[in-house]
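Take a look at this fold, starting from its sheet and working through to its cores.

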Amino acid sequence: MMGLFTRRKASSAPLPSLPDDQRLAVGLVGVGVMGQHHARLLGRIPEAKLVGIADLNEKKAGELAAAHGARGFASADSFPDGVRAVVLATPTPTHYAMAKASLEKGLHVFVEKPLTERVEQAEVRRGVHGRGE
């Protein structure tokens, strides 16, 4: 049965894009395998604009950023004003602190799995976000 779950081949046709001022400015942290994967995928989302890539290895961050039309940084704290979301593709022990700091800045956060090392850390994020649900 062909249907909903059949895999389609990726199109090489350019995706329609919104004007830059209408796109969500996204920063990516981490240039490992998953960071490279997210950089590629972010480039395929017409509503998103990858504006910065940060990594402790600033040289690698710059190389990956250049390949995706973004700027490289040594730290997510250096992302330009206007970044409204971050993708965290860093080693698991860094997820909690980085996600918490990003949420405290009011950013939308996507964390590569696992969310945190411990369940207690994941539950704290509800209060940080301000909803306390």
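**From the sheet to the cores**

Strands β2 and β3 pair in the parallel sense, over three bridges. One residue pair fixes the register for the eye: A54 has F73, in β3, as its bridge partner. This is a predicted model.

Now widen the view. The sheet is open and has five strands, in the order β3-β2-β1-β4-β5. Its pairing is parallel. The edges are β3, residues 71-73, and β5, residues 108-111. Each of these edge strands pairs on one side only. On average, neighbouring strands are turned by 25° against each other, direction ignored.

Next come the helices. Helix α2 packs on the sheet and touches β2 and β3. The direction of α2 makes about 165° with that of β3. Helix α3, residues 92-104, also packs on the sheet. Its contacts there are with β1, β4 and β5. The direction of α3 makes about 165° with that of β5.

What fills the interior? The largest nonpolar core has 15 residues. V26, L28, A39, L42, L50 and I53 have the most contacts inside it. At least two residues of this core come from each of β1 (24-29), α1 (33-42), β2 (48-54), α2 (58-67) and β4 (85-88). A second core, separate from this one, has 12 residues, including V83, L88, A99 and V111.

Finally, follow V26. Beyond its neighbours within four places in sequence, V26 is in contact with L42, A48, K49, L50, V51, G52, V83, A85 and V87. Two of these partners, L42 and L50, are also among the residues with the most contacts inside the largest core.

Definitions and conventions. Residues are numbered from 1 along each chain as its sequence is written. This is a predicted model: local features need pLDDT of at least 70, side-chain atom pairs count only at pLDDT 80 or more; totals for chains, interfaces and linings use all residues. Side-chain values use heavy atoms; hydrogens and water are left out. A nonpolar core is a set of buried Ala, Val, Leu, Ile, Met, Phe, Trp, Tyr and Cys residues joined through side-chain atoms within 4.5 Å. Buried means under 20% relative accessible area, exposed over 50%, partly exposed in between (1.4 Å probe, protein chains only). Helices (H or I, at least four residues) and strands (E, at least two) are DSSP runs, numbered from the N terminus. Contact means heavy atoms within 4.5 Å. Two strands pair if DSSP finds at least two bridges between them. Axes are lines fitted to C-alpha atoms, for helices over the stretch in contact, and angles run from 0 to 180 degrees between N-to-C directions.
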